[in-house]
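The following note is offered to a colleague who is beginning to read protein models. Please keep the structure in view while going through the numbered points.

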Amino acid sequence: MRPLVRTAALSGYVELCRSLDIDPQALLKRVGLDTAALTVQDRWISGTAAVQVLELSAAESGHEDFGVRLAEFRRFSTLGPISLVVREEPDVRSALELLIRHQYMYNEVLHTRLSEGDGLATLKVDLRLGEAMESRQATELAVAAFHRILSDFLHARWQPLSVWFRHSAPADTSAHRHAFGPIVQFDREIDGIVFYADDLDAPNAMADPLMREYARQYFDAIAVPKDTTAADRVRELIEVLLPTGRCSIEQVARSLGVDRRTVHRHLGASGETFSSLLNVTRRHLAEQFVANPRRSLTEISDLLGFSSLSGFSRWFREQFGCSPRAWRGSRTP
């Protein structure tokens, strides 16, 4: 299965597109995504699609620095639940190592390594997509995001010795120099950040020593195993795609970067089918949505991917033995 990324990887994408006078929905649609998929940051989407939409957006807007611009929308919280733990690590080294060791929890495309030698530290950023494709914008976004994280760990005025990119310089480097300073270099051997190794031993400016133990206990509770199953991935995508009205095995396969037979084969190995996962996911969401009196049944029908309220009502009666209105009434005090 192809790697996935959290929708938070595209935080600020819609806003940036609009500021550059391009249509985010049209661009997302070209890679099989939807603006609705970006509204919940802890959902997973195709890493390939995320990389492709950044390249399309750079071309459409005429801004070769699209990825660097997008990084300006990043916040430390964009990392998701792991950010609550990382920010309480006592020094930069332990915080960065924890972030790298568990990067699969927020981005399966990203493969980052930290090395030290001769008094220098190098944070090398690689993107692994499983196929050859242009990824300049995603690379610049990742490097710029790590630059911001290191600045948070140290202090806002911190600067590395150099920021390196393997690709050639854009025609206009002003956005890169605004983000990184004059030390940004192109046509280098790696993508990454070079800084003094002593910086790794500096205290983490964000940490509160009294919170570390609580943060670690929380992390132990939310940490997920690295070997996420195919069924887990498909279930996540179903939740994302249902509100768009385009939740099909074909669309899920496209989001994962494989064909439908591959999806069926992986699900079959775990005793699941696409239909069974779709139904279980709908049941779970329906119980949550129908129990909320502020949601209309028409809205719930749309959120669960039904083409009509009558179709939703028939399905609900088959699953729960009564109409959604009666089910809601039985649970209202």
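1. Secondary structure. The protein contains 16 helices and seven strands. The model is a predicted one, and the points below should be read accordingly.

2. Overall dimensions. The radius of gyration of the protein is 22 Å, which agrees with the value near 20 Å for a compact globule of 333 residues. The C-alpha trace spans about 70 × 50 × 40 Å along its principal axes.

3. Burial and surface. Of the 333 residues, 51% count as buried. The accessible surface of the protein amounts to about 16000 Å², and carbon and sulfur atoms contribute 49% of that surface.

4. Contacts and charges. If one takes the contacts between residues at least 6 apart in sequence, 69% of them join residues at least 24 apart. The protein carries 40 positive and 43 negative charges, and the mean positions of the two groups are 8 Å apart.

5. The nonpolar cores. In soluble globular proteins, nonpolar side chains tend to be buried together. The largest nonpolar core here has 68 residues, and the members that touch the most other members are Leu-10, Tyr-13, Phe-66, Phe-146, Leu-150, Phe-153 and Ile-193. Helix 7 (residues 136–153) provides the largest share of this core, with nine residues. A second, separate core consists of 32 residues, among them Leu-242, Cys-247, Ile-249 and Val-252.

6. Phe-66. Which residues does Phe-66 contact, once its neighbours within four places in sequence are left aside? The contacts of Phe-66 include Tyr-13, Leu-16, Cys-17, Leu-20 and Ile-22. Leu-54, Ser-57, Ala-58, Ser-61 and Gln-137 are also in contact with Phe-66.

7. Leu-20. This residue lies in the loop between helix 1 and helix 2. Is Leu-20 buried or exposed? Leu-20 is buried, because its relative accessible area is 16% and the cut-off for burial is under 20%. Leaving out residues up to four places away in sequence, Leu-20 touches Ser-61, His-63, Phe-66 and Arg-69. Leu-20 and Phe-66 are 46 residues apart in sequence, while their C-alpha atoms are 9.7 Å apart in space.

8. Asp-21 and Asp-187. Asp-21 is in the loop between helix 1 (13–19) and helix 2 (24–30). Although Asp-21 is not a glycine, its phi is positive, at about 65°. Asp-21 counts as exposed because its relative accessibility is 71%. Asp-187 occupies the loop between strand 6 (184–185) and strand 7 (192–196). Asp-187 is not a glycine either, and has a positive phi of about 60°. With a relative accessible area of 56%, Asp-187 is exposed.

9. Glu-89. The position of Glu-89 is in the loop between helix 5 (82–86) and helix 6 (92–101). Why does Glu-89 count as buried? Glu-89 counts as buried because its relative accessibility is 1%. Apart from its neighbours within four places in sequence, Glu-89 is in contact with Ser-94, Ala-95, Leu-98, Asn-204, Ala-207, Arg-212 and Arg-216.

10. Thr-39. The loop between helix 2 and strand 2 (44–46) holds Thr-39. Thr-39 counts as exposed, because its relative accessibility is 62%. From C-alpha to C-alpha, Thr-39 and Ser-275 are 25 Å apart in space, and they are 236 residues apart in sequence.

11. Thr-112. This residue belongs to strand 3 (residues 110–117). Thr-112 is buried, with a relative accessible area of 5%. Not counting residues up to four places away in sequence, Thr-112 touches Ile-100, Gln-103, Leu-123, Lys-124, Val-125 and Phe-146. Thr-112 and Glu-131 are 19 residues apart in sequence, and their C-alpha atoms are 18 Å apart in space.

12. Thr-122. Where is Thr-122 placed? Thr-122 is in strand 4 (residues 120–127), and is buried with a relative accessible area of 18%. When residues up to four places away in sequence are not counted, Thr-122 touches Arg-113, Leu-114, Ser-115, Ile-190, Ile-193 and Val-194. The C-alpha atoms of Thr-122 and Tyr-196 are separated by 8.6 Å, although the two residues are 74 residues apart along the chain.

Definitions and conventions
Residues are numbered from 1 along each chain as its sequence is written. This is a predicted model: local features need pLDDT of at least 70, side-chain atom pairs count only at pLDDT 80 or more; totals for chains, interfaces and linings use all residues. Side-chain values use heavy atoms; hydrogens and water are left out. Helices (H or I, at least four residues) and strands (E, at least two) are DSSP runs, numbered from the N terminus. The radius of gyration is taken over C-alpha atoms; the globule rule is 2.2 Å times the number of residues to the power 0.38. Buried means under 20% relative accessible area, exposed over 50%, partly exposed in between (1.4 Å probe, protein chains only). Contact means heavy atoms within 4.5 Å. Accessible areas come from the Shrake-Rupley method with a 1.4 Å probe; for residues, only the protein chains shown count as cover. Lys and Arg count as positive and Asp and Glu as negative; His and the chain ends are not counted. The place of a charge is taken as NZ of Lys, CZ of Arg, CG of Asp or CD of Glu. A nonpolar core is a set of buried Ala, Val, Leu, Ile, Met, Phe, Trp, Tyr and Cys residues joined through side-chain atoms within 4.5 Å.
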